[in-house]
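Got the viewer open and a hand on the mouse? Let's take a walk, one selection at a time.

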There are 2 protein chains.
Amino acid sequence: MRSYGRKGTTSERELVKMFWDAGFAASRTPASGSATKNPLPDIIAGNGDIYLSVEAKSSSKDRIYIKKDEIKNLEEFSERFGALPYVGIRFNGEKWAFLPPHKIPKTKDGNYRIDLSFIRREGMDFDEFIGKSKQVKIFK
Amino acid sequence: MRSYGRKGTTSERELVKMFWDAGFAASRTPASGSATKNPLPDIIAGNGDIYLSVEAKSSSKDRIYIKKDEIKNLEEFSERFGALPYVGIRFNGEKWAFLPPHKIPKTKDGNYRIDLSFIRREGMDFDEFIGKSKQVKIFK
């Protein structure tokens with residue numbers, strides 16, 4: 001999300017607050033994290049039971065592109081840290097919506113594209129996302 | 001550690017790299033985290049088995065003071081997130097040394113003080129710290 005600049009940070013902070021309000025401890029990762037070459041998600045959250053890593057994307061348009069490396073980094077970090085990877089999507093005027101990486105449509109060149117209509121149909125809202133993560137943990 | 005400015009960030013990065021080299025995924029938290037009033041440690045790390053949160057302190061002197069609120073925040077975050085809380089100490093010319101909060105000497109006013117001689121005697125080096133954390137997890 002860092003390429004979106006200040007706007008990205010603002011929506012990340014909003015999502016971090018939602019985690020705290022839901023009983024999690026959560027933190028953004030530093031923007032300079034990418035300088036270290038370590039694959040970092042935008043947000044890490046845990047509640048003593050489940051651990052989540054989120055790549056957060058927001059847009060004022062009706063389509064969001066995600067580079068394949070961003071998803072790869074999200075999955076690598078999550079596997080190593082011990083967290084469930086998710087993409088958090090926030091279109092202007094919409095609520096946050098969440099999907100696991102494997103449910104995000106790929107483009108022909110291997111990157112990812114999320115349309116507003118798709119996320120309205122397929123995305124989980126925050127409560128579903130938290131609830132679903134608990135189930136995934138149980139059946140893991 | 002944020003009050004130490006750039007120097008603090010440099011030693012935090014060093015510690016983050018040590019975690020990655022040891023098979024963990026780790027991230028600093030953003031310095032602006034304190035603006036949100038959420039209690040954040042300096043570093044969060046996980047390896048799919050254990051989760052650690054570290055308040056990192058470095059100094060060119062032979063004594064380090066830690067405010068009681070910093071330890072309180074570390075413990076609050078850790079309890080909520082589901083991580084083991086540790087203080088990481090780095091005196092100039094010395095290796096990183098680690099202690100759980102309850103082993104750090106308190107001053108009369110309820111804050112904390114760590115002397116170089118104390119940490120040389122009582123501190124765990126990085127490998128001991130990781131190994132000890134695994135044991136704590138097992139017996140929890």
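A term to start with: a nonpolar core is a set of buried Ala, Val, Leu, Ile, Met, Phe, Trp, Tyr and Cys residues joined through C-beta atoms within 7 Å. Buried here means that 20 or more other C-beta atoms lie within 10 Å of a residue's own, while exposed means 12 or fewer and partly exposed is in between, with C-beta atoms placed from the backbone.

Before we click, some housekeeping. This is a predicted model, in which local features need pLDDT of at least 70 and side-chain atom pairs count only at pLDDT 80 or more, while totals for chains, interfaces and linings use all residues. Residues are numbered from 1 along each chain as its sequence is written, with chains lettered from A and ligands numbered from 1 in the order in which they are written.

**Stop 1: the core.** Select A:A26, A:I43, A:A45, B:A26, B:I43 and B:A45: these have the most contacts inside the largest nonpolar core, which has 64 residues. Now zoom in on A:A45. Leaving out residues up to four places away in sequence, A:A45 touches A:F19, A:F24, A:A25, A:A26 and A:L52; a contact means C-beta atoms, placed from the backbone, within 7 Å.

**Stop 2: chain A as a whole.** Colour chain A by secondary structure and you'll find 4 helices and 7 strands. Both are DSSP runs, numbered from the N terminus: helices are H or I with at least four residues, strands are E with at least two. Starting at the N terminus, the order in chain A is α-β-β-β-β-α-β-β-β-α-α. Of the 140 residues in chain A, 41% are buried.

**Stop 3: the sheet of chain A.** Here 5 strands make an open sheet, ordered β1-β2-β3-β5-β6, with mixed pairing. Two strands pair if DSSP finds at least two bridges between them. Which strands of chain A stand at the edges? They are β1 (25-28) and β6 (97-99), each with a single partner strand, so one side of each has no neighbour in the sheet. Next, pick β3 (residues 51-59) and β5 (residues 84-91) of chain A, which pair in the parallel sense over 8 bridges. On this sheet, A:S59 sits opposite A:F91 in β5(A). Then add helix α2 (residues 68-81) of chain A, which lies across β3 and β5 of chain A and runs at about 160 degrees to β3(A). For such angles, axes are lines fitted to C-alpha atoms, for helices over the stretch in contact, and values run from 0 to 180 degrees between N-to-C directions.

**Stop 4: helix α2 of chain B.** Switch chains and select B:E70, B:I71, B:N73, B:L74, B:F77, B:S78 and B:F81, the buried residues in α2(B). They cover an arc of only 160 degrees around the axis, so they lie on the same side of α2(B); the arc is that of the directions from the helix axis to the C-beta atoms. What do the buried residues of α2(B) pack against? Show β1 and β2 (43-46) of chain A, together with β3 (51-59), β4 (63-66), β5 (84-91) and β7 (112-115) of chain B. Just past α2(B), B:G82 has a positive phi of about 95 degrees.

**Stop 5: two more picks in chain B.** β5(B) and β6(B) pair in the antiparallel sense over 3 bridges, and B:V87 stands opposite B:L99 in β6(B). Finish at B:G8, in helix α1 (residues 6-21) of chain B. B:G8 is buried, with 20 other C-beta atoms within 10 Å.

Notes:
Two residues are in contact if their C-beta atoms, placed from the backbone, lie within 7 Å.
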